[in-house]
Structure formats: structure tokens, C-alpha cells
Amino acid sequence: MPNPVIDARLSKRFDKWDFDRNGVLEREDFEQEAARIARSFGKSATSTEAGALRDAFLGLFDYLSAQSGGNPTVSRDEFLRSAGDLVYTQGEAAFNRALGPVVSGLVGLADKNNDRLINGDEFAAWLTALGLDATSAKEAFQQVDTDGNGQLTEEELLAAVRQYHFGQLDVELLG
Ligand SMILES: [Ca+2]
Ligand SMILES: [Ca+2]
Ligand SMILES: [Ca+2]
């Protein structure tokens, strides 16, 4: 069932991922976006962490492209259709398969003490690096930390990304 909040968030997502702003998504956009994010975390494009995020973004592009007939470009309409299908129809497992590697790549960049968990400081730095609203980082952290143990797992972060795009949570995490 169409939902204006979800549709607006997907449309905004398209704008952010259309890195060169030429109105279609291409592999190059996703490479550039991954490199931009790695740079915002202070990592060089040749670092292991940047490479993992790049692979994740390219995998996501390949998924979106395959959903729209395997073309090298994905139009806004095609994106809204396949992303909408993911959110409205296919549900949690498919969403997690498509976005899980990207969230995992972000955790790799943000996890300064290498425990694969995101603590409060790492989370605030994540929001700041991506230019997101960090003024309410503490409150946002508590919303994402669903088991309340003071650490965010990849699972909790992925659930937050999913809920954001489902229009159920106002914490943006993808930049
Ligand atoms: Ca583009
Ligand atoms: Ca950590
Ligand atoms: Ca937790």
C-alpha cells in the first residue's frame, strides 16, 4: 500500500545516490558514494574498510540493476519500483540481503575499537561523518539500541535502516 513518507524517503535516497546528478543511477555513482563515505570517516580509498564498502555498494547497484532488466543505468522510476517492491512487498529478509552488506561496511568504517559493535562515541562520530543530525545522537542511539545494552550490533543498525525506509523511525544512518 503506497505511503507518502516511504515514497518521499525513497525518492530522497535516489537523489543522494545519483552522485553525478544526471538523473540515473550508474555503477560509477555507487563507487563515488562509497569513496565519499570512506573519506568522511577519514579512510583512504585503498583501505580495506573502504574496499569492503565499495564492494557492498556495487553489489547493491547490481541488485537494483538486475531488478530493472540488467541495464547499466537505473532510472528514478525503476528505482522507486524496485526499492518500493523491497519495502512494500518483499519484506525483511530481502531488504536485509540487499542492504546488509552496506550496513556491515559502514560498521567497519565506524568501529574504531574493532569489536564489530558501535558504542555511543562511535555512533555520534558516524552521524557527524555522514553530515547527519548529531545533536540528538544520544536519543537516536537509544532508539537503535533495541536491547538497551549500550552497544549497537549490525543487526540493530540494519533494523534501524529498514525502519527508517519503512517510515517507522526517524533516525537516518546511510548518509
Ligand atoms: Ca548518475
Ligand atoms: Ca566498536
Ligand atoms: Ca544493543
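## Charges over rings

Which residue lies over the face of tyrosine 164, and at what distance from the ring centre? In this predicted model, that residue is arginine 9, at 4.1 Å from the ring centre.

Arginine 13 does something along those lines with tryptophan 17: the charged end of arginine 13 sits over the tryptophan ring, 5.0 Å from its centre.

## The aromatic cluster

Tryptophan 17 turns up again among the ring pairs. The count comes to eight aromatic pairs. One of them is tryptophan 17 with phenylalanine 57: the ring centres are 6.0 Å apart and the planes stand at 90°, so this pair is edge-to-face. As for where the two partners sit, tryptophan 17 belongs to helix H1 (residues 4–17) and phenylalanine 57 to helix H3 (residues 48–67), so the pair ties together parts that are 40 residues apart in sequence.

Are these two residues buried or exposed? Tryptophan 17 and phenylalanine 57 are both buried. They also have company, since ring pairs link Phe14, Trp17, Phe30, Phe57, Phe61 and Phe79 into a cluster.

## Serine 11 on helix H1

Serine 11 is another residue of helix H1. Leaving out residues up to four places away in sequence, serine 11 touches Arg76 and Leu80. Take the second of those partners: serine 11 and leucine 80 are 69 residues apart along the chain, yet their C-alpha atoms are 6.9 Å apart in space.

## The two annotated spans

An unreviewed UniProt entry carries the annotation "domain: EF-hand" for residues 5–40 and 132–167. How do the two spans look in the model? Residues 5–40 are 75% helix and 6% strand, with the end C-alpha atoms 28 Å apart. Residues 132–167 come out at 56% helix and 0% strand, and here the end C-alpha atoms lie 17 Å apart.

## The calcium site

Which residues coordinate the calcium ion (ligand 2)? The donors come from Asp111 (OD), Asn113 (OD1), Asp115 (OD), Leu117 (O) and Glu122, which gives two OE atoms, at 2.2 to 2.6 Å. Read along the chain, the donors of this calcium ion follow the spacing D-x1-N-x1-D-x1-L-x4-E.

Why is the arrangement around the calcium ion (ligand 2) irregular? The six donor atoms subtend angles of 52 to 160°, and that makes it irregular; an octahedral call would need opposite donors over 155 degrees apart and all others between 65 and 115.

Two of the coordinating residues also have accessibility values. Asparagine 113 counts as partly exposed at 43% relative accessibility, and leucine 117 is partly exposed too, at 27%.

Notes. Residues numbered from 1 in each chain as written. Chains lettered and ligands numbered in written order. Predicted model: local features only at pLDDT ≥ 70, side-chain atom pairs only at ≥ 80, totals over all residues. Heavy atoms only, no water. Phe/Tyr/Trp six-rings, centres within 6.5 Å; stacked < 30°, edge-to-face > 60°. Helix = DSSP H or I, 4+ residues; strand = E, 2+ residues; numbered from the N terminus. Buried < 20%, exposed > 50% of the residue type's maximum accessible area, 1.4 Å probe, protein only. Lys NZ or Arg CZ within 6 Å of the ring centre and 35° of its normal. UniProt positions renumbered as here; feature names shortened; annotations may be inferred. Contact = heavy atoms within 4.5 Å. Donors = N, O, S within 2.8 Å, 3.2 Å for Na, K, Ca; no water. Tetrahedral: all angles 85-135°; square planar, octahedral: opposite > 155°, others 65-115°.
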